[in-house]
Amino acid sequence: MHEQLHAAKSLRHLLSTHREILIHEVHDKNWIPFLLDWLKLSHCPSIQVEALWALTNIAAGNTEHTNMLLRHNPVPALVALLDSPNEEILEQAVWVLGNIAGEGAASRDIVLSNHALPPLVHCILTHQQSQQILRIGSWALNNLCDSQPRPVLDIHALMPVLHALLRSEDSEVLSHTCWALSHLCDGPSAHIKVVVEANFCWRLVELLQHRSWRVTKPALRTIGNIVCAEDEVDYTQFILEAGAVPHLKTLIGHSNREIQKEACWTLSNIAAGTCEQIQTVLDSGAIPLLVSLALQPAGVTDAEVRSEACWVVLNATSCGSDSQIDFLVREGCI
């Protein structure tokens, strides 16, 4: 045991500092099966932790390195560790799974096909006092929801854990969770239906005011995906009733170009709705700001931001009433 622990620890340190040089040698010397076997040594958690760290360093490399690891079918052994009583083992097992899932749709689907989602959800829900597990767990969930084509997963099973994560005050957890929701809402309208009916809209709108743009941006992206959904149900109305429009107006002037652009894009989709929904945009006082953005010379405001600002006006004139078009004229849209 002492020799195994020393070997695992040494390998972990070597890979953390010289991964690019040594990773092929690790593969050629057939180290990966050793590391996977050591994951089963539940009577010696220190060896499990060191083996997991070494696997993390392999999985954190490029696509070739991840594929090198996947050839040894590591996912079942990693999933088996998600019920470990040792918190450090849990963290590292989730970390390796998250790295594999984040490599693309094919590796993500390998993780999902090995039924990793239910124990991951359970792990997060039962360790809500651990900030580190919440951070790593929300990041891994985001990776499992990301990439094209969209994953096949039980979205209903995700709702309790996403609800719990959205209550966090930690910016990193909120960012990962909102990105996961944005990916889900970028899929079929059935996913948006589940998210909206789970009453996420109010919290997402609240997060538009978050101090960190890393939280604001994915919350905004999720709201944008909801309002542009094509379905018999008018999901835009849920966003309006949650009070989104005044916050979207504020974000038109955000210092982050992507947030500016997506705020305009979201408003343009609202302005493509009913006359009542268009009126919400007009009443917010957003039009003068949009006109000002559209009129700014190239180089002062990004061209894509100006284009999205123009789309709000275009959609409002296409879908609005005569009196609303009169209002737009008075606000300088001509």
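Visitor: How do you know that Cys145 has no bond to the closest cysteine sulfur, in Cys185?
Guide: This is a predicted model, so we go by its computed distances. The sulfur of Cys145 is 10 Å from that of Cys185, while a disulfide needs the two sulfurs within 2.5 Å. That is too far for a bond. Searching the whole structure turns up 0 disulfides.

Visitor: And what about Cys178: how far away is the nearest cysteine sulfur?
Guide: It's 10 Å away, in Cys185, and Cys178 is in no disulfide either.

Visitor: Why is Cys178 called buried?
Guide: Buried means under 20% relative accessible area. Cys178 has 0%, so it counts as buried. Cys145, with 3%, is buried too.

Visitor: What makes Phe34 and Trp38 an aromatic pair, and why is the pair called tilted?
Guide: Ring centres must lie within 6.5 Å, and here they are 6.2 Å apart. The planes make 50 degrees; under 30 would be stacked and over 60 edge-to-face, so this pair is tilted. Phe34 and Trp38 are 4 residues apart in helix α2, so about one helical turn separates them. Trp38 is buried at 7%, whereas Phe34, at 47%, is partly exposed.

Visitor: Then why is the pair of Trp53 and Trp95 called edge-to-face?
Guide: Their planes are 65 degrees apart, and over 60 counts as edge-to-face. The centres are 5.5 Å apart. This pair links distant parts of the chain, with Trp53 in helix α3 and Trp95 in helix α6, 42 residues apart.

Visitor: Are those two tryptophans buried or partly exposed?
Guide: Partly exposed: Trp53 has 22% and Trp95 has 29%.

Note on methods:
Residues numbered from 1 in each chain as written. Predicted model: local features only at pLDDT ≥ 70, side-chain atom pairs only at ≥ 80, totals over all residues. Heavy atoms only, no water. Buried < 20%, exposed > 50% of the residue type's maximum accessible area, 1.4 Å probe, protein only. Phe/Tyr/Trp six-rings, centres within 6.5 Å; stacked < 30°, edge-to-face > 60°. Helix = DSSP H or I, 4+ residues; strand = E, 2+ residues; numbered from the N terminus.
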